[in-house]
Amino acid sequence: MDTVVDVPFRLLNRKAHINSIESYRAMHTRSIKDPEKFWGEVASEFYWNISWKRVLSYNFNVRNGPIFIKWFEGGKTNICYNALDRHIQEGKGERVAFYFEGNEPNTFTSYTYRLLLQKVCKFSNALLKIGVKKGDRVIIYMPMIIELIIAVLGCARIGAVHSVVFGGFSSEALAIRIVDAGAECIITADGILRGPKQIPLIPIVQKAIGICKDNNLVVSKVILKNWVGFKAEDEKFISWDNLVDTCKSECSVEWLDSEDPLFLLYTSGSTGTPKGVLHSIAGYMVYASLTHRYAFDYHEGDVFWCTADIGWITGHTYTIYGPLLNGATSILFEGIPTYPDGGRFWSICEKYAVTQFYTAPTAIRSLMGLDSHFLEKHDLSSLRVLGTVGESINSEAWLWYYKAVGKQKCAVVDTYWQTETGGLMVSPLPGAAPAKPGSCALPFFGVQVQVLNPDGTPAAAGQEGCIVFDRPWPGIMRTIFKDHNRFEKSYFSVFPGHYTAGDSGFFDEDGYLWVVGRIDDVMSVSGHRIGASEVENAIALNKDIAEVAAVGIDHEVKGQSIWVFCVLRPQGTLNEGEIILYSVPNLKLKLAMVELTNDLKLKVRQQVGAFATPERIVVVESLPKTRSGKIMRRLLRDIFSRVKKQKLGDCSTVSEPQVIKNLVKQAMTLQL
């Protein structure tokens with residue numbers, strides 16, 4: 001925590017947008033004291049069919065009535081127009097918008113802004129042709145190919161609400177999102193190329209459609225992009241190519257109200273079904289653009305690469321919208337960082353002279369463990385800014401990123417934000433101030449962050465507390481789709497007057513923020529947020545399971561891995577009057593344990609997705625609970641974590657203290 005890295009600060013600050021800590025503080029103060037003027041000036045850079053009448057109105061306090069946030073009321077605009085048409089009218093039509101790098105290194109191409117607009121217009125016309133209209137929700141379930149971006153922008157152009165679902169989700173998880181969104185149209189592909197694997201998507205989509213029908217939702221339109229070569233027999237599937245090829249390459253823009261919905265993105269909650277986070281158009285547009293420009297110090301001529309899958313918010317904001325709104329040139333990558341070898345990321349950076357590189361700590365930790373020649377054989381001298389996203393990055397990985405990849409000349413931008421925030425909230429600004437490995441540093445413009453004690457008082461420097469935000473920023477979510485009460489309860493009920501992030505952290509003596517982890521039961525595995533309830537609901541389908549708790553245990557590469565703790569029913573197949581451990585002495589019980597473990601992992605893969613597969617499943621005699629019956633997952637984390645802890649924290653509310661003693665003994669038996 002005491003390490004301060006200021007070399008990139010001194011190298012970059014002459015040309016950086018924000019080139020001193022004094023400039024940052026002055027600009028941040030202005031954004032807090034006069035947000036209407038500050039954000040009004042930023043918004044004036046975009047095209048508005050009708051200008052707004054009021055910049056901001058809101059209520060953050062549930063005691064004063066319903067929570068609401070409105071930015072640029074009365075205005076009409078279109079984010080697709082501002083991302084594409086505006087740049088072409090400014091003479092930038094031949095600028096490359098995306099370099100596409102396929103799964104195989106010999107598969108690559110580029111798309112100019114003019115070509116991308118033509119393809120988006122053709123697809124918008126295709127959507128209109130099959131009856132998709134303004135306000136309709138459209139599910140997009142595709143690999144990382146240019147058609148995914150075209151589908152997103154095609155929806156935005158005509159006012160349809162896009163909802164991208166990560167291609168790793170199962171049929172059941174996909175169906176949950178389709179049903180909640182009430183989407184009657186799905187855009188998909190026949191399969192995904194992922195390293196040496198070819199993963200078919202058609203059967204996943206077909207099964208999801210069947211589940212939707214069982215839940216009284218008929219999916220009437222499915223557009224299928226032929227990508228891998230799998231065949232679709234279902235007549236319900238409409239060929240992307242056949243549909244789009246007949247459409248015109250010009251499409252009028254639907255001018256939309258500032259607060260009209262832009263997209264739904266489902267994120268895991270600690271309880272219940274995934275939450276449909278709803279973002280509206282104008283505020284998100286303004287915030288995505290400014291955060292991309294300043295946090296990554298983007299300048300014309302740079303080549304920006306965000307490696308995040310578009311199925312997550314990072315891919316929305318920093319692969320599609322932020323860069324395109326700034327007229328940037330970006331990389332779209334279909335593959336994985338270790339195929340065909342561990343130097344794939346670095347070969348792409350060299351090939352396209354990438355200047356800003358934005359990836360997850362999980363990827364950094366996995367790559368730093370490979371042979372150094374994968375990195376050293378590539379020329380990375382074009383890099384200027386290195387970003388991290390998805391979870392806190394440990395100091396060791398930060399320093400490797402800075403030294404081995406950045407050659408101690410690049411700024412490392414450790415960004416903190418969420419699906420709900422729309423864009424980064426706390427981040428170092430290249431050239432503005434020195435960095436501290438492991439800290440996400442200082443709040444972005446318009447962001448007022450605090451760390452609070454349980455009683456709502458500000459925590460002292462160095463004291464861990466709950467991270468909250470005091471006022472709205474333009475990119476903030478507007479509600480949870482069809483469940484505004486859940487929105488208010490989840491984010492505004494704990495500390496009235498504040499948005500509660502659900503994370504704990506602390507400020508150091510210099511005002512830098514350090515994020516410690518989640519307060520609720522959401523796990524972060526390789527940057528993917530997974531609700532404990534999603535995993536637990538899948539496990540509970542096994543008839544032998546009486547109780548279950550899923551927790552995230554510290555993992556040196558993934559950040560966290562999922563461990564599942566099960567209590568068997570009295571007639572369970574493994575229960576023979578003794579505690580079942582991994583070190584089961586009885587061969588019969590060993591075989592039964594393997595069978596149970598395989599079944600439980602399979603159920604999670606089927607119900608949620610392979611990325612949520614538990615690393616370990618431990619059968620226990622009892623789960624730790626409060627006197628009111630709530631499972632204390634925190635204690636399971638503490639007891640079984642690979643990070644040795646001297647204390648377990650407060651155990652005063654445990655209903656049966658003997659349960660703790662049994663679990664500690666079991667953890668010791670497992671040699672943790």
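Q: Which residues are buried in helix H12 (residues 344-352)?
A: The model is a predicted one. Buried here means under 20% relative accessible area. In H12, the residues that meet this are Arg-344, Phe-345, Trp-346, Ile-348, Cys-349 and Tyr-352.

Q: What phi does Ala-353 take just after H12?
A: Ala-353 follows directly on H12. Its phi is positive, at about 50 degrees.

Q: At what angle do the axes of helix H5 (residues 113-129) and helix H6 (residues 146-158) cross?
A: The two axes come within 8 Å. H5 passes H6 in a right-handed crossing. The crossing angle is roughly 65 degrees.

Q: Which residues of H5 and H6 make the contact?
A: By class, the contact of H5 with H6 has 13 nonpolar, 2 polar and 2 charged residues. H6 contributes Ile-146, Ile-150, Ala-151, Leu-153, Gly-154, Cys-155, Arg-157 and Ile-158. From H5 come Leu-116, Leu-117, Lys-119, Val-120, Cys-121, Phe-123, Ser-124, Leu-127 and Leu-128.

Q: Are H6 and helix H11 (residues 313-325) parallel, perpendicular or oblique to each other?
A: Their axes come within 11 Å and cross at roughly 60 degrees. Angles of 65 to 115 degrees count as roughly perpendicular, and those under 35 as roughly parallel. The H6 and H11 pair is therefore oblique.

Q: What is the handedness of the crossing of H6 and H11, and which residues meet there?
A: The crossing is right-handed. The contact divides into 7 nonpolar, no polar and no charged residues. Ile-149, Val-152, Leu-153 and Ala-156 of H6 meet Ile-320, Tyr-321 and Leu-324 of H11.

Q: How are helix H13 (residues 361-368) and helix H15 (residues 395-405) set to each other?
A: The axes of H13 and H15 come within 10 Å. They cross at roughly 75 degrees. H13 and H15 are therefore roughly perpendicular.

Q: How many charged residues are in the contact of H13 with H15?
A: H13 brings Ile-364, Arg-365, Leu-367 and Met-368, while H15 brings Glu-396, Ala-397, Trp-400 and Tyr-401. By class, 6 of the contact residues are nonpolar and no residue is polar. The charged count is 2.

Q: Is Ile-545 buried or exposed?
A: Ile-545 is found in strand E28 (residues 545-555). Its relative accessible area is 3%. The cut-off for buried is under 20%. Ile-545 is therefore buried.

Q: Which residues is Ile-545 in contact with, leaving aside its neighbours within four places in sequence?
A: The C-alpha atoms of Ile-545 and Arg-569 are separated by 5.7 Å, although the two residues are 24 apart along the chain. Arg-569 is one of the contacts of Ile-545. The full set is Ile-539, Cys-566, Val-567, Leu-568, Arg-569, Leu-596 and Leu-600.

Q: Does Ala-459 count as buried or exposed, and what does Ala-459 touch?
A: Ala-459 sits in the loop between strand E21 (449-452) and strand E22 (465-469). At 17% relative accessibility, Ala-459 counts as buried. Not counting residues up to four places away in sequence, Ala-459 touches Val-451, Leu-452 and Asn-453.

Q: How far apart are the end C-alpha atoms of residues 24-83?
A: UniProt, in an unreviewed entry, lists residues 24-83 as "domain: Acetyl-coenzyme A synthetase N-terminal". Over this stretch the chain is 40% helix and 23% strand. The end C-alpha atoms are 27 Å apart.

Methods: Residues are numbered from 1 along each chain as its sequence is written. This is a predicted model: local features need pLDDT of at least 70, side-chain atom pairs count only at pLDDT 80 or more; totals for chains, interfaces and linings use all residues. Side-chain values use heavy atoms; hydrogens and water are left out. Axes are lines fitted to C-alpha atoms, for helices over the stretch in contact, and angles run from 0 to 180 degrees between N-to-C directions. Helices (H or I, at least four residues) and strands (E, at least two) are DSSP runs, numbered from the N terminus. A crossing is left-handed if the near helix is turned anticlockwise from the far one by less than a right angle, and right-handed if clockwise. Contact means heavy atoms within 4.5 Å. Ala, Val, Leu, Ile, Met, Phe, Trp, Tyr, Cys and Pro count as nonpolar, Asp, Glu, Lys and Arg as charged, and the others, Gly among them, as polar. Angles under 35 degrees count as roughly parallel, over 145 as roughly antiparallel, 65 to 115 as roughly perpendicular and the rest as oblique. UniProt positions are given in the numbering used here, feature names are shortened, and annotations may be inferred rather than shown by experiment. Buried means under 20% relative accessible area, exposed over 50%, partly exposed in between (1.4 Å probe, protein chains only).
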